[in-house]
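Grab a pen and work through these exercises with the model open beside you. Each task comes with a step-by-step solution, so try it before you read on.

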Amino acid sequence: MSSGPGGETGFPALTAAAAEAAVARRRRRVSRQGVTRGLAPYALIAPSVVVIGAVLGYPLYLLGRLSFQQFGLAELILQQGPWIGLDNYTRLVHDRQFWEVVLRTFVFTFVNVGLTMVLGTLIALLLTKLGTAMRLVLTTGLILVWATPVVVAVNIFRWMVDFEFGVLNWTLTELHLGDFLNKDWFADPLTGFAVITALVVWGAIPFVTITLYAGFSQVPDELVEAASIDGANAWRVFRDVTFPLVKPIFVILISLSIIWDFQVFNQIWLIRDGEPEEDYWLMSVYSFVEAFRLGEYGFGAAIAVVMVGIMFVATFVYIRQMIRIGETR
Amino acid sequence: MRRRYIGALALVAALTVSAMTAAVGSSSPDRQNATKIVIWLQNDAESNWSSVVAATNQSFKARHSDVEVDVQYQTWGDHLTKFDAALAGGNAPDVIELGNTETTRYMAARLLQDITTQRGSFPNSRTWLGALKDSCTYRGRLYCVPYYAGARAVIYRKDQYKAAGIRSTPKSLAQFRAAGLKLMKKYGKQRNYSALYFPGRYVWASMSFVYDYGGKIAVLRNGRWQGTLNSPQAIQGLTALKATVGPLSRANKTGDEANPQQALVFAKGRVGSFIGNGWEWPYALDKKDGNPALAPKMGAYPMPSHIKGKFMPTFLGGSDLAVPITSRNKSLAYDWIRTFTNNTQMRQLATVGKVIPNTTSLASLHARNPQLAPFANAAKASWFIPTAPNWVQVENARVLQNMLQSIFTGRSSVQAAAKRASDQITTILNRRT
């Protein structure tokens, strides 16, 4: 059951499990009758379907229904709103601010996912080169970052970039990089988003790094060695040997990161003290403000539905990749 | 990873909460013989006149020994979001304190109990402050009981003024600015010193400049609301505001007056003056968070207008007490309000809390007290927000805060920021809700 010849990449455990499952299936086919055989898979999957339906499907259905209703404060109390068809969506399409927010969300996601993947990959590669002691230190650090609750992380970052007492302004000034005393990082959304991006990427790196490191360590040493002997430098080895082998992991991590970063809410909401300026609105924030601050629950729901739709596309890529991994092994 | 999934689900779930309750919450169990009333008061009461609340509860309990009173303190930032959710969920409080700018929306939506017929049973109902009574009245019906009012004045350090060579308190905006520059010259070398501590998102003090120059936030024309912050007068006011605050304040341009509490920043010593409510004076002297040693060095005067000898209009803020229609203990709720607003408690509220009591019959309390008189004087010239049912949504969307921040950080010109805010206000106020 050791790692097979070159063609069989990575995951020996997975391959073995699949093989066993296939054997089991065959055996079952011989011994059981038709009806039971037909129903068994459905019976097995039923509990998950029920749970997913209850905690995800039903709320989603309600969200969708809400987005077709006029639903404000009065309707909230009456607990029913009149059906207004696509009005909320029509308003959305003609809302200039909505398109600004969508564009901002896309750019934010792109930058954050990009930085997370690049830095995560670099740190994972570093992990493969480190000795045991340093690897332990770095891994512990990563786990600690991962274990830090968002609320705590936001408060730490807020203090670091505080305009009056922040360590960042102090350090930059002490380094004679200019006068940063009383520099307010959130006065300009560009520097404000730099802080938020640092916070989000910082929090996302551990998962990416540790997963990639696990992937990298599955790459057979012989392949890397062979490539080096053939004269490939580190970059060539990564591009032509390591990367193709762990590509499925990359695809999964990227689609997961997109799903996460696309819906960032807590970090922005908390770092701007529960009242983010319009320049800081991403789709999640916009939806929340419309629904819960302005009492436009129907309109807020429509924004959320659009968000869910966009997210489904990203999830689709993720799920397809998962299925494909299952098939090819 | 799981943590972030939960975050994602939380948003979707949050958005569907209202719909969920629509489906499951319609059959509310009728809890008879309830022995508990829930009161939502703002945290100002907790930090400044908790003794009044305690005395009220004691007196109330003396009459209703079987009733438990649960006072829950709320913050201005999110109490309405919570209130809306509580209304939908059927667990709204029996008594809620609402800011006088927040009542119209709830009165218009008929979510507060109409108390017109019981009016006479509330203490001092004949002499309630006009401005507060108005904020409780919608289409001729009464929906809440005035609680207290507050006016802002300049709270300052007498010792610093003297040391900087400022002989008398400023009588015009120009003099105020000149005095501020003297303070900056004397103390400005200290990092973080502000002659006038004025955070960028301080709406209530900022809008006074607009009204001082004859501007308004919005007006009602032919049944339609029109944002007017981009009128020439309002622009003039906002420009004067920027010219005053810019050189005199080193406060956070992206923060507001409550985070951190400006009175406590003042107590730390590196502030010459700030524009604050009456209750912020004693708050600066708080034994735990403030600095009691400042007591003999503090003074207050009404903010001067750009016209010499006049006062700048101050925002007449205040709070009312209402009973949501969902309350199942309305008569107990009324009785608690009656106890809380009777003469004994109002007198305490005025002297301990340093706020303007809900009745004109106690006005003399202020005239005689040097710590209260400047605020009572300032209240003689006042302005109020547009009384549109949707006004509170302008507050909830932080339209004015965002405009001020853009102006103070220089992110947009006064004109551009005012135009944008004005358009937003027009849209929000005319929305059908």
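**Exercise 1.** Work out how helix α7 (residues 150-160) of chain A packs against helix α9 (residues 189-216) of chain A.

*Solution.* Start with the geometry: the two helices pack at about 140°, with their axes 11 Å apart. Here helices are DSSP runs of H or I with at least four residues, strands are E runs of at least two, and both are numbered from the N terminus. Axes are lines fitted to C-alpha atoms, for helices over the stretch in contact, and angles run from 0 to 180 degrees between N-to-C directions.

Next, put a word to the angle. α7(A) and α9(A) are therefore oblique to each other; under 35 degrees is roughly parallel, over 145 roughly antiparallel, 65 to 115 roughly perpendicular, and the rest oblique.

Now list who touches whom. α7(A) brings Ala153(A), Val154(A) and Phe157(A), while α9(A) brings Val195(A), Leu199(A) and Gly203(A). Contact means C-beta atoms, placed from the backbone, within 7 Å.

Last, sort them by class: 5 nonpolar, 1 polar and no charged residues. (Ala, Val, Leu, Ile, Met, Phe, Trp, Tyr, Cys and Pro count as nonpolar, Asp, Glu, Lys and Arg as charged, and the others, Gly among them, as polar.)

A word on the ground rules: this is a predicted model, where local features need pLDDT of at least 70, side-chain atom pairs count only at pLDDT 80 or more, and totals for chains, interfaces and linings use all residues. Residues are numbered from 1 along each chain as its sequence is written, with chains lettered from A and ligands numbered from 1 in the order in which they are written.

**Exercise 2.** Find the strands that pair with β6 (residues 144-150) of chain B, then place β6(B) in its sheet.

*Solution.* First partner: β13 (residues 317-322) of chain B runs antiparallel to β6(B), joined by 6 bridges. Pro146(B) has Asp320(B) as its bridge partner there. Strands pair if DSSP finds at least two bridges between them.

Second partner: β14 (residues 356-357) of chain B is also antiparallel, with 2 bridges. In β14(B), Ile356(B) partners Ala149(B), and Pro357(B) stands opposite Tyr148(B).

Now zoom out: the open sheet has 6 strands in the order β2-β1-β3-β13-β6-β14 (chain B), with mixed pairing. β2 (68-74) and β14 of chain B are at the edges with a single partner strand each, so one side of each has no neighbour in the sheet.

**Exercise 3.** Is Asp87(A) buried, partly exposed or exposed?

*Solution.* Asp87(A) sits in helix α4 (residues 87-93) of chain A. Asp87(A) counts as partly exposed because it has 16 C-beta neighbours inside 10 Å; 20 or more other C-beta atoms within 10 Å would be buried, 12 or fewer exposed, with C-beta atoms placed from the backbone.

Key:
Two residues are in contact if their C-beta atoms, placed from the backbone, lie within 7 Å.
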